[in-house]
Amino acid sequence: MKPAAFEYHAPGSVEEALELLTEHGWDAKPLAGGQSLIPAMNFRLARPAVLVDLNGIEELTFIRGADEGTDEAPGSSGSNDGVRIGAMTRQRAVERSPLIARRAPLLSETMPHVAHPQIRNRGTIGGSAVHADPASEIPAVLLAMNAKCRIRGPEGERTVAAEEFFLGLFGTVLAPDELLLEIELPGRRPRRGCAFREIARRHGDYAMAGIAASLTLDKKGAVDEARLAYLSVGGAPSLAAGAAEALVGAQPTEEVIREAARVAAAEDVEPMEDMHASARYRARLVEVLTRQALTTAAQRASGASNP
Ligand code: FAD
């Protein structure tokens with residue numbers, strides 16, 4: 001199918017893009033990698049009258065240390081501060097970045113699970129975040145890592161935590177005249193371990209269920225903070241509250257992890273049935289994947305394994 005007719009603009013700067021979005025309001029849509037928007041337009045699920053193509057805006061493509069103004073350089077400072085990723089950075093560049101591997105290894109570990117290399121060559125980190133598909137890996141990682149989203153609109157800039165950024169099925173806090181500029185991920189911390197697990201019918205397909213988990217231990221080895229975000233088992237990218245409650249304050253023993261996984265499957269997710277899996281099977285996957293991810297995250301947090 002072909003999309004409905006639309007006006008096309010290719011601004012060269014964020015300012016110019018914002019002017020176009022302000023002028024056209026709800027009729028306009030930013031175009032990033034086009035890997036979700038263009039299929040939706042071809043199926044006439046989306047019919048923007050105006051496309052604002054962000055691909056010519058160089059200032060939106062970068063990977064930088066949060067402590068540096070410059071783009072990543074091999075062997076750049078040994079600092080453990082976080083990393084800032086421009087919204088138009090291709091998913092493949094994120095996957096291959098040594099800086100992200102060093103400072104935000106959960107994201108590096110997850111990227112090969114996002115679609116296929118051809119799609120990651122075009123798809124952007126910002127496009128995936130704004131698309132807010134509850135079956136997507138990147139929103140789950142942003143939630144588990146407590147990422148911050150920097151947004152600019154006609155009124156100026158604001159920074160929003162991932163938990164507030166995602167509002168529901170394909171929904172975010174972005175107004176039609178706002179752009180996501182960058183995502184900031186915190187750096188590695190002592191006694192924090194993360195892990196990603198998913199099950200897909202074929203590698204690269206959308207997962208039947210998945211989890212991004214981050215555990216921080218206190219000095220005595222008990223769980224200080226637990227951030228668990230699921231994909232493909234709910235109506236929106238969100239954090240699991242029940243499982244986190246079962247973990248915080250406890251030593252991450254096999255029994256505690258088993259109980260947290262049971263709670264996650266019973267209370268935290270609302271899996272749907274479709275042609276790929278029943279709701280019951282998905283809940284079972286959540287329990288098993290949660291156990292696996294938490295076990296790995298706890299080992300990493302205690303320094304028993306890398307990264
Ligand atoms: P686009 O499609 O260009 O845009 C998506 C939405 O975000 C649009 O509404 C657009 O207006 C808005 N937008 C984009 N950038 C900005 C910005 N900076 N500010 C404001 N709004 C913005 N994804 C997965 O997570 N897992 C998968 O397994 C997976 N499998 C796929 C398989 C296939 C065959 C295909 C075609 C896609 C798949 N995807 C998958 C989706 C892919 O990862 C997309 O790249 C991603 O969801 C959207 O990124 P994009 O850059 O292509 O955004």
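Is arginine 282 buried or exposed at 5% relative accessibility? Arginine 282 counts as buried, because its relative accessibility is 5%. Here are some notes to help you find your way around.

1. **Ground rules.** You're looking at a predicted model, where local features need pLDDT of at least 70, side-chain atom pairs count only at pLDDT 80 or more, and totals for chains, interfaces and linings use all residues. Residues are numbered from 1 along each chain as its sequence is written, and side-chain values use heavy atoms, with hydrogens and water left out. Buried means under 20% relative accessible area, exposed means over 50%, and partly exposed is in between (1.4 Å probe, protein chains only). Helices (H or I, at least four residues) and strands (E, at least two) are DSSP runs, numbered from the N terminus.

2. **Start with β10.** Strand β10 covers residues 179–185, and 6 of its 7 residues are buried. Strand β5 (residues 83–86) pairs with β10 in the antiparallel sense, over 4 bridges. Strand β6 (residues 148–153) also pairs antiparallel with β10, over 5 bridges. For two strands to count as paired, DSSP has to find at least two bridges between them.

3. **Glutamate 182 is a handy landmark.** This β10 residue stands opposite glycine 86. Glutamate 182 is also the bridge partner of arginine 150. While you're looking along these strands, a general point helps: in a regular strand the side chains alternate between the two faces of the sheet.

4. **The β6–β7 hairpin.** From β6, follow the chain through 2 residues and you arrive in β7, the two strands being joined as a hairpin. They run antiparallel, with 6 bridges joining β6 to β7 (residues 156–161). One pair to look for is isoleucine 151 with its bridge partner in β7, arginine 158.

5. **Salt bridges.** A search of the whole structure finds 16 of them. The test is a side-chain nitrogen of Lys or Arg within 4 Å of a carboxyl oxygen of Asp or Glu. One example is glutamate 157 with arginine 152, whose closest N and O atoms are 3.0 Å apart. Glutamate 157 counts as partly exposed because its relative accessibility is 43%.

6. **Back to arginine 282.** The residue from the opening question forms a salt bridge with aspartate 274, with the closest N and O atoms 3.1 Å apart. Aspartate 274 has a relative accessible area of 37%, so this partner is partly exposed. Elsewhere, salt bridges that share partners join Glu15, Arg84, Arg150, Arg152, Glu157 and Glu182 into one network.

7. **A pair that links separate parts.** Arginine 227 and glutamate 163 form a salt bridge, their closest N and O atoms being 2.9 Å apart. Arginine 227 lies in strand β13 (residues 223–231) and glutamate 163 in helix α9 (residues 162–165), so the pair ties together parts that are 64 residues apart in sequence. Arginine 227 is buried at 8% relative accessibility, while glutamate 163 is partly exposed at 43%.

8. **A negative patch.** On the surface, Glu7, Glu16, Glu19 and Glu23 gather in a patch of negative charge. Helix α1 (residues 14–24) gives the most to this patch, with 3 residues. Glutamate 19 lies in helix α1 and counts as exposed, at 54% relative accessibility. Patches are made of residues with over 30% relative accessible area and no salt bridge, with like charges joined within 9 Å and nonpolar side chains (Val, Leu, Ile, Met, Phe, Trp, Tyr) within 5 Å.

9. **Two contacts across the sequence.** Histidine 131, in helix α7 (residues 125–131), is 95 residues from serine 36 in sequence and 7.6 Å away in space, C-alpha to C-alpha. Methionine 145 sits in the loop between α8 (137–144) and β6. Methionine 145 and alanine 104 are 41 residues apart in sequence, with 8.4 Å between their C-alpha atoms. Methionine 145 is buried, with a relative accessible area of 9%.

10. **Two backbone spots to check.** Most residues other than glycine have a negative phi. Arginine 191 has a positive phi of about 65° and lies in the loop between β10 and β11 (192–199). Serine 232 has a positive phi of about 70°, in the loop between β13 and α10 (241–247). Arginine 191 is partly exposed, with a relative accessible area of 35%, and serine 232 is buried at 14% relative accessibility.

Conventions: Areas by Shrake-Rupley, 256 points an atom, 1.4 Å probe, with all protein chains shown as cover. Lys, Arg positive; Asp, Glu negative; His and termini not counted. Charge placed at Lys NZ, Arg CZ, Asp CG, Glu CD.
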